[in-house]
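This report describes a single structure under short headings. It starts with one side-chain contact and moves outward to sheets and cores.

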Amino acid sequence: MASMSFALNRFAAKTTLYSDFEHSSRRNFLPPNRVGLKISSSSTANDSEPDLSITVNGLKMPNPFVIGSGPPGTNYTVMKRAFDEGWGGVIAKTVSLDASKVINVTPRYARLRTGPAKTDVIGWENIELISDRPLETMLKEFKQLKQEYPDRILIASIMEEYTKTGWEELIDRVEQTGVDALEINFSCPHGMPERRMGAAVGQDCALLEEVCGWINAKATVPVWAKMTPNITDITEPARVSLKSGCEGIAAINTIMSVMGIDLKTLHPEPCVEGYSTPGGYSYKAVRPIALAKVMNIAKMMKDEFGEKDYSLSGIGGVETGYDAAEFILLGSNTVQVCTGVMVHGYGHVKTLCAELKDFMKQHNFSTIEDFRGHSLQYFTTHTDLVRRQKEAIEQRKAERRGLKSDKDWTGDGFVKETESMVSN
């Protein structure tokens, strides 16, 4: 078990806290103090090359592209590859205390295609569970990664059963490895709802508030709550998570789905011994849904939490740097990619960065903060759209009816100008 002073000192070394934070007492280490973590972009970019580096909740990243929790972060080898290729950060596959309860099946993926080519895939369903590797093994690899890449951001995704002591033990053991932050999986749509894990917590705001309280009273590094889209109003659990002490929101996890039925065999996909189960849907077909959810969360955060340094990590169907720009325009600080890595590989981050820089050059943006959240202002209600259009039509009619002032009369166009003001 790590001592309290070790945890606090390690956290203080990584982040910038409000000056009134009292280091002398563990009791004083409450979530509001962790929220005092600066979110910013570097301002060192030159005129010709945009700067993609960001600082989120005290975590410095060379770019906003983060490996999303899942197969691309399942072990030391693949996470090391992600760092070597240049990803801004890595979120490891979700871990829990007892991996022996996690039993995966194969096949566990199914694809939605629009044609026969590899590039014709637009949707991806998985029925994969969280990490089935022993926790001790994952912790050893987290520690090794942080020793080899001390300046790179490694985030542990964690999920546990509905026990306070279980959550506290998991957090303590994971933090001892030196990870930079925790992403809490309140959103896995399948597999273990009977154990009150994943979306079973994220869909129940009373339960979520209680579990968030346990987590944030224990954690000494930034905490992101990962949201499920399988809910009527995603802003409700996001709001509860922030009020309960989390520094950030990640959205969205996968959408509950049935990929389809094989019309030859009449069995569902993915097919395991002739049977299947609903799973999580991802990849580019979900992006419009993810953008809407992120927009709703971002507006809520802006309206209700103001300028406090909470963060938002956008997830859902990101395949290009231009896709990422859309999430950032809606308020995301970082953008996670999971299925896209499974389709394109770890080297794809170079393309993502190049395309995001291309977008920034087109608009003369120097840093991520120059355009983050810019497009939120253009969302409104349908009633307001009707009002705005009516006013615009009336304005155009007024402009067509004639001159606005006597100074506008001209000699050459006098007759037409006269006609423009005649009503019959």
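## Lys-146 and its surroundings

In this predicted model, the side chains of Lys-146 and Asp-180 make a polar contact at 2.8 Å. Lys-146 belongs to helix α4, which covers residues 135-148. Its relative accessible area is 10%, and because the limit for a buried residue is under 20%, Lys-146 counts as buried.

Apart from residues up to four places away in sequence, Lys-146 touches Arg-152 and Leu-154, and also the run Thr-177, Gly-178, Val-179 and Asp-180. Asp-180 is thus named twice for Lys-146, as a residue that it touches and as its side-chain polar partner.

## Glu-355 and Gly-321

Another buried charged residue is Glu-355, with a relative accessibility of 18%. Glu-355 lies in helix α12, residues 348-362. The side chain of Glu-355 reaches the backbone nitrogen of Gly-321 at 2.7 Å.

Glu-355 and Gly-321 are 34 residues apart in sequence, while their C-alpha atoms are 4.6 Å apart in space. With neighbours within four places in sequence left aside, the contacts of Glu-355 are Thr-320, Gly-321 and Tyr-322.

## The barrel

A barrel is closed by 8 strands, with parallel pairing. The order of the strands is β4-β5-β8-β9-β10-β11-β16-β17. On average, neighbouring strands of this sheet are turned by 25° against each other, direction ignored.

One pairing in the barrel can be followed by residue. Strand β4 (residues 65-67) and strand β5 (residues 89-91) run parallel and are joined by 2 bridges. Val-66 has Gly-89 in β5 as its bridge partner.

## The open sheet

An open sheet is formed by 4 strands in the order β6-β7-β15-β12, and here the pairing is antiparallel. Its edge strands are β6 (109-113) and β12 (255-257), each of which pairs on one side only. From one strand to the next, the twist averages 35°.

Within this sheet, β7 (residues 121-126) pairs with β15 (residues 279-282) over 3 bridges, in the antiparallel sense. The bridge partner of Trp-124 in β15 is Ser-282.

## Nonpolar cores

The largest nonpolar core contains 97 residues. Trp-87, Phe-142, Ile-158, Leu-182 and Leu-356 have the most contacts inside it. Helix α9 (residues 287-305) supplies the largest share of this core, 9 residues. A second core, separate from the largest one, has 6 residues, among them Val-102, Leu-129, Cys-188 and Met-197.

Which residues are in contact with Trp-87, leaving aside its neighbours within four places in sequence? The list includes Pro-62, Asn-63, Phe-65, Val-66, Ile-67 and Ala-82. It also includes Arg-152, Val-337, Val-341, Tyr-346, Val-349 and Leu-352. Two residues discussed above recur here: Val-66, which has a bridge partner in β5, and Arg-152, which Lys-146 also touches.

## Cysteines

How many disulfides does a search of the whole structure find? The search finds 0.

Cysteines are found in buried and in partly exposed positions. Cys-353 is buried, since its relative accessibility of 14% is under the 20% limit. Cys-271, with a relative accessible area of 23%, is partly exposed. Cys-188 is one of the residues of the second core.

Terms used:
Residues are numbered from 1 along each chain as its sequence is written. This is a predicted model: local features need pLDDT of at least 70, side-chain atom pairs count only at pLDDT 80 or more; totals for chains, interfaces and linings use all residues. Side-chain values use heavy atoms; hydrogens and water are left out. A nonpolar core is a set of buried Ala, Val, Leu, Ile, Met, Phe, Trp, Tyr and Cys residues joined through side-chain atoms within 4.5 Å. Buried means under 20% relative accessible area, exposed over 50%, partly exposed in between (1.4 Å probe, protein chains only). Contact means heavy atoms within 4.5 Å. Two strands pair if DSSP finds at least two bridges between them. Axes are lines fitted to C-alpha atoms, for helices over the stretch in contact, and angles run from 0 to 180 degrees between N-to-C directions. A disulfide is a pair of cysteine sulfur atoms within 2.5 Å. A polar contact is a pair of N or O atoms within 3.5 Å; within protein, one must be able to donate a hydrogen and the other to accept it, and residues adjacent in sequence count only if both atoms are side-chain atoms.
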